[in-house]
Amino acid sequence: MIIEPRAGDAEDDASSTKKRSLLAIAGSLLGEINLPKLALAWIILAGLPGLLLGLAPLVVTAWLTSVSGKITALASIGSLLLLVLVAALGWYGVRPLFRAAERSFWSLNSLVVQPGYALCREGLRHLAERFLSLEASEDKRAGLRAATAFGAGLGACAAAVGLAALAWPSTRWSGEFADLAQPLRLVVPAFANTVVLMASYFAIASLAWGVADASMDQPRDFATFDDAPTSAARWRVAHLSDIHVVGERYGFRIESGRAGPRGNERLARVLDRLGQIHAQDPLDLVLITGDMTDAGRSAEWAEFLDALARHPALAERTLILPGNHDVNIVDRANPARMELPTSPGKRLRQMRTLSAMAAVQGERVRVLDQSRTRLGGTLSEALEPHRGTIAGFADAGTFRLSARLVNIWADVFPMMLPPADEDGLGVVLLNSNAETHFSFTNALGLVSEEDMQAMLAILRQFPKARWIIALHHHPVEYPRRAKAFSERIGTALINGSRFVRQLKPLGHRLVAMHGHRHIDWIGRCGPLKIVSAPSPVMEATDDQPTSFYIHTLAAAPDGGLALLGPRRIDIAPEPAATFTS
């Protein structure tokens with residue numbers, strides 16, 4: 001054949017960061033982006049919340065002025081009680097509005113403010129490492145990371161203060177009810193107020209993050225693995241991640257294009273090898289930390305579930321959690337595609353993921369109760385009342401049905417596999433995907449504050465248990481030299497430093513396991529051990545080997561969790577591809 005379709009072509013490289021630079025992808029993105037949709041998305045995600053935030057001081061001051069006048073004029077207790085009643089009704093009436101504004105504020109914080117600081121920090125680190133000797137000590141590298149974090153916080157703080165100073169002359173901080181007669185004249189001061197409020201917060205937060213990152217335990221390579229008595233309890237965990245199942249026999253992955261393997265044969269060989277190992281020496285867990293699929297499509301989930309079903313002994317020990325490719329890819333063929341927050345597309349990808357998780361582990365993992373402080377029923381039990389709505393939504397894909405499923409996705413995380421014994425090993429499954437609606441920004445990571453506090457509440461209820469904290473995104477950037485700046489930006493947890501700090505008091509009983517970067521790294525941040533899984537199907541073409549690891553965890557004599565030396569499993573390359581017509 002003149003063009004061999006099974007070997008792929010240039011179209012398979014459209015979104016590949018291995019075959020194309022980020023600048024080239026961004027250029028094609030700008031040429032294809034839908035400007036009206038982008039404008040509408042900006043209004044929904046930033047414009048409207050910003051306007052509400054800027055209007056808040058104007059409305060509040062006008063309300064307080066009016067109320068203070070009425071209080072002065074009141075002469076009877078009955079009138080005072082009436083005023084209290086009206087105020088209470090007003091509070092409960094506007095409370096949903098304030099909650100929406102609060103969510104929007106933190107969404108802007110996580111997707112705009114903190115990444116700006118991270119961009120400064122990683123940019124400084126990338127430049128500084130160019131002048132750092134390859135023989136530099138671990139302490140010197142840690143010192144450099146701390147210094148660049150503080151420098152980035154200081155620089156971002158200065159930039160935010162400058163922006164606030166520019167917007168200040170247009171601000172207005174008090175209002176009157178007479179302004180409602182001409183509401184358009186409030187638009188400019190409202191947005192100026194928003195800029196000043198956000199910039200002020202950015203200045204304070206950036207400096208705080210810089211100091212926090214500089215003073216925290218810096219990530220370090222794992223110097224020596226732990227030891228444990230032969231009598232200690234042990235758990236063998238096969239850690240897979242980023243298997244990126246495609247829906248076509250000869251399909252290529254988004255990120256690799258033709259620089260990666262074709263189809264799903266490599267995954268089949270990985271599971272075959274894992275099945276052989278399990279038959280000889282049983283595993284306790286098979287943990288897949290996200291990106292089971294390449295773009296969250298139905299055909300990809302079908303291929304993944306079919307592959308796992310061929311190994312029932314592994315399937316009954318498997319736990320999965322969502323990765324950015326499972327829920328955040330809008331269009332696998334076009335990085336410029338975006339969807340509106342009102343689009344049912346993302347909700348459909350979330351429901352596909354939940355359905356697959358229920359099929360794999362629904363009877364074994366537990367979700368939290370309504371208080372989010374104690375374990376509730378199983379995942380299957382939590383989803384049972386919504387089965388009809390989820391199925392109907394998958395069939396129709398309408399906004400009306402999508403709106404009824406808003407809280408289901410958030411409420412099931414974190415999931416827990418409780419320890420069998422009070423001093424046994426449990427697993428926490430987190431959703432670390434930030435809310436994005438744009439394929440180009442799909443990789444952002446965030447563990448919500450609500451999920452973090454819920455996780456800590458459960459961990460404290462098992463004071464003797466050991467835990468695997470499983471998530472998709474890496475909590476911190478690795479202490480190793482990056483080949484390209486694109487490796488450092490927009491992939492780690494946005495709130496990674498807070499995540500690590502929250503786990504520090506319990507760190508000796510925890511091991512955090514993640515994927516996302518497709519490479520192996522084992523290290524620590526203070527007492528918290530961190531394990532990154534390589535992708536057994538990415539970063540290599542069909543004629544190159546890949547690998548994964550089996551980790552052995554053990555009960556340490558001091559009540560902690562020991563991480564013993566891992567076993568590396570190599571998957572040999574396939575024979576040279578031959579095509580016959």
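## A walk through the model, starting at H16

Start by selecting helix H16: its buried residues are Gly496, Ser497, Phe499, Val500, Gln502 and Leu503. Buried here means under 20% relative accessible area, while exposed means over 50% and partly exposed is in between, using a 1.4 Å probe and protein chains only. Helices are DSSP runs of H or I with at least four residues, strands are runs of E with at least two, and both are numbered from the N terminus.

A quick note before moving on: you're looking at a predicted model, in which local features need pLDDT of at least 70, side-chain atom pairs count only at pLDDT 80 or more, and totals for chains, interfaces and linings use all residues. Residues are numbered from 1 along each chain as its sequence is written, and side-chain values use heavy atoms, with hydrogens and water left out.

**Around H16.** H16 spans residues 496–503, and 6 of its 8 residues are buried, so call it mostly covered. What should you switch on to see what covers the buried residues of H16? The cover includes helices H5 (187–215) and H15 (449–460), plus strands S9 (466–470), S10 (510–514), S11 (521–525) and S12 (528–532).

**Zoom out.** Show the whole cartoon: there are 16 helices and 15 strands. Of the 581 residues, 49% count as buried. Of the contacts (heavy atoms within 4.5 Å) with a separation of 6 or more, 76% are between residues 24 or more positions apart.

**The cores.** Next, pick Leu274, Phe304, Met415, Leu429, Ile468 and Leu553, the residues with the most contacts inside the largest nonpolar core, which has 66 residues. A nonpolar core is a set of buried Ala, Val, Leu, Ile, Met, Phe, Trp, Tyr and Cys residues joined through side-chain atoms within 4.5 Å. Another core, of 30 residues, lies apart from it, with Leu368, Leu375, Ala512 and Leu528 among them. Now centre on Leu553 and expand the selection: leaving out residues up to four places away in sequence, Leu553 touches Ala233, Arg234, Trp235, Val237, Leu425, Ile468, Val511, Leu561, Ala562 and Leu563.

**H7 against H10.** Select 298–309 (H7) and 345–361 (H10): they pack at an angle of about 10°, with axes 11 Å apart. The axes are lines fitted to C-alpha atoms, for helices over the stretch in contact, and angles run from 0 to 180 degrees between N-to-C directions. H7 and H10 are therefore roughly parallel to each other; that label covers angles under 35 degrees, with over 145 being roughly antiparallel, 65 to 115 roughly perpendicular and the rest oblique. Which side chains should you show as sticks in H7 and H10? Try Ser298, Trp301, Phe304, Leu305 and Leu308 in H7, which meet Arg352, Thr353, Ala356 and Val360 in H10. By class, this contact has 6 nonpolar, 2 polar and 1 charged residues. Here Ala, Val, Leu, Ile, Met, Phe, Trp, Tyr, Cys and Pro are nonpolar, Asp, Glu, Lys and Arg are charged, and the others, Gly among them, are polar.

**Met357 and a cis bond.** Stay in H10 and pick Met357. Met357 is buried at 0% relative accessible area. Beyond residues up to four places away in sequence, Met357 touches Ile320, Leu321, Pro322, Gly362, Leu379, Phe413 and Met415. Follow Phe413 along the backbone: its peptide bond to Pro414 is cis, with omega near 0°. Pro414 sits in the loop between helix H14 (406–411) and strand S7 (415–417).

**Asn324 and the S2–H6 loop.** Jump to Asn324 in helix H9 (residues 324–327). Buried or exposed, what is Asn324? At 0% relative accessibility, Asn324 counts as buried. Outside its neighbours within four places in sequence, Asn324 is in contact with Asp291, Ile329, Asn433, Asn442, Ala443, His472, His473 and His516. Draw a C-alpha distance from Asn324 to Asp242 and you get 9.9 Å, across 82 residues of chain. Asp242 is in the loop between strand S2 (234–240) and helix H6 (265–280), and its phi is near 55°, a positive value in a residue other than glycine. His244, in the loop between S2 and H6, has a positive phi as well, near 45°. Asp242 is buried at 0%, and His244 is buried at 0%.

**Last stop: rings.** The whole structure holds 6 aromatic pairs. Rings of Phe, Tyr and Trp (its six-membered ring) pair if their centres lie within 6.5 Å; planes under 30 degrees apart are stacked, over 60 edge-to-face and the rest tilted. Select Phe222 and Phe225, a tilted pair at 5.3 Å centre to centre with 50° between the planes. Phe222 is buried at 10% relative accessible area, whereas Phe225 is partly exposed at 34%.
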